[in-house]
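Open the model in your viewer and keep the selection box at hand. The stops below run from the whole chain to single residues.

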Amino acid sequence: MAPTRILWILRPIPQGDALERRLGCAERKRARGFGSTRRRREWVCARVTARDLVARLLSLPPARARAVVLDATRSGAPFARERSGRRLPVSLSIAHGGGWVACAAAKGAGLRLGVDVEPVAPRRLAVFRRVLSPAELPAVARARGRARDVRLTRLWCLKEAVLKARSTGFAVDPRTVVASPGRGGPGWRRAAVRLRGRGRAWCLRRGVLVVALAWLEEGEAELVQG
Ligand SMILES: CC(C)(COP(=O)(O)OP(=O)(O)OC[C@H]1O[C@@H](n2cnc3c(N)ncnc32)[C@H](O)[C@@H]1OP(=O)(O)O)[C@@H](O)C(=O)NCCC(=O)NCCS
């Protein structure tokens, strides 16, 4: 069986509000309701980015691409539909962090796909004791300085990507997702994640950012930059 193509994109969140022109009426109204400019801009950029990715994945002509509605399930997990309400045959995940939006999408509805992006920043290990499993703690505790920050960020991202793929987010204890970022070069590296079931996860370092992707379905997947 051919690997499933997962399209992913990492896009800087622009400073101005020009992207709002690409929103539909209802979305623009919702965007205006955000109290914080930062939150509004990340939300708007995520909508536009996700719609572009869905249109590319499904090869939609411009008029149909503009009509894609990004909706969310009750848990908050995003999905794409037509204005009529018909769900589009695509699964997607959204994240924002460090001034960037990350989005990933694959063909087929209801697939468990998750993405996260976080900036590498100094973090207190004490906080992470509530997030890391006993298996993850020793390697982090041994690391020092920047190496520790990077490792913590990778673990955090992997857990969040997995929990988004499961649509639960942190309603589930992140210590139940046991990860090891794996070794590798500058591109995507396959991470080891004990997932209680099928699936795989990857991590990417891009400058000060870490991105993680989780795919909790059978079969191989191929990561393609969108
Ligand atoms: C889902 C969750 C992990 C997102 O984390 P975050 O650091 O706030 O934000 P991120 O930038 O990484 O991701 C945001 C995106 O996650 C997506 N998302 C939200 N809930 C989701 C869920 N249950 N499953 C999958 N994706 C979800 C949304 O698309 C959102 O983007 P949007 O606001 O532009 O639509 C977090 O909000 C969460 O755990 N929520 C559920 C449990 C909860 O609310 N617990 C209370 C706090 S412990």
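Two residues are in contact when their C-beta atoms, placed from the backbone, lie within 7 Å. Keep that cut-off in mind for the stops on single residues. One caution before starting: this is a predicted model.

**Stop 1: the whole chain**

Show the protein chain as a cartoon. It holds 6 helices and 11 strands. The radius of gyration is 18 Å, close to the 17 Å that the globule rule gives for 226 residues, so the chain is as compact as a globular protein of that length. Turn the C-alpha trace along its principal axes, and the spans are about 55 × 45 × 30 Å. Buried residues make up 35% of the 226 residues. Now consider contacts with a separation of 6 or more: residues 24 or more positions apart account for 54% of them.

**Stop 2: the two domains**

Colour residues 4-113 as domain 1 and residues 116-208 as domain 2. Their C-alpha centres lie 25 Å apart. The contact between them takes 14 residues from domain 1 and 12 residues from domain 2.

Stay on the domain 1 side of that contact. Select E4 and strand E5 (100-107), the elements that give two or more residues to this side. E4 gives the most, with 4 residues. By class, this side of domain 1 has 6 nonpolar, 7 polar and 1 charged residues.

**Stop 3: the ligand**

Which residues come nearest to the ligand? Select Ser 75, Gly 76, Ala 77, Gly 169 and Phe 170. They belong to a set of 20 residues around the ligand. Each of the two domains, domain 1 (4-113) and domain 2 (116-208), supplies at least three residues of this shell.

Next, select helix H2 (37-57), strand E4 (90-97) and helix H6 (145-165). Each of these supplies at least two residues of the shell. E4 gives the most here, with 5 residues. The shell divides into 9 nonpolar, 8 polar and 3 charged residues.

**Stop 4: helix H2**

Select 37-57, which is H2. H2 has 21 residues and reaches 30 Å from its first C-alpha to its last, close to the 30 Å expected at 1.5 Å a residue. It is mostly covered, with 15 of its 21 residues buried. Step past the end of H2 to Ser 59, where phi is positive, near 50 degrees.

**Stop 5: helix H6**

Select 145-165, which is H6. H6 has 21 residues and reaches 31 Å from its first C-alpha to its last, close to the 30 Å expected at 1.5 Å a residue. Of the 21 residues of H6, 15 are buried, so this helix is largely enclosed by the rest of the structure. Just after H6, click on Ser 167: it takes a positive phi of about 70 degrees.

**Stop 6: Arg 154**

Stay in helix H6 and pick Arg 154. Is Arg 154 buried or exposed? It has 25 C-beta neighbours inside 10 Å, and 20 or more make a residue buried, so Arg 154 counts as buried. Leaving out residues up to four places away in sequence, Arg 154 touches Pro 181, Cys 203 and Val 210. Draw a distance to Ala 191: the two are 37 residues apart in sequence and 9.5 Å apart in space, C-alpha to C-alpha.

**Stop 7: Arg 87**

Now pick Arg 87, in the loop between strand E3 (78-81) and E4. It has 12 other C-beta atoms within 10 Å, and 12 or fewer make a residue exposed, so Arg 87 is exposed. Apply the contact cut-off and set aside neighbours within four places in sequence: Arg 87 is in contact with Phe 79, Arg 81 and Ala 109. Then draw a line to Val 210. Arg 87 and Val 210 are 123 residues apart in sequence and 31 Å apart in space, C-alpha to C-alpha.

**Stop 8: Pro 3**

Finish in the segment before strand E1 (4-12), where Pro 3 sits. Pro 3 is exposed, with 10 other C-beta atoms within 10 Å. Which residues does Pro 3 touch, not counting those up to four places away in sequence? Select Gly 219, Glu 220, Ala 221 and Glu 222. For a last distance, go from Pro 3 to Phe 79: their C-alpha atoms are separated by 22 Å, at 76 residues apart along the chain.

Note on methods. Residues numbered from 1 in each chain as written. Predicted model: local features only at pLDDT ≥ 70, side-chain atom pairs only at ≥ 80, totals over all residues. Near = placed C-beta within 6 Å. Nonpolar A, V, L, I, M, F, W, Y, C, P; charged D, E, K, R; others polar. Domains from an automatic or database assignment. Rg over C-alpha atoms; globule rule 2.2 N^0.38 Å. Expected span 1.5 Å × (residues − 1).
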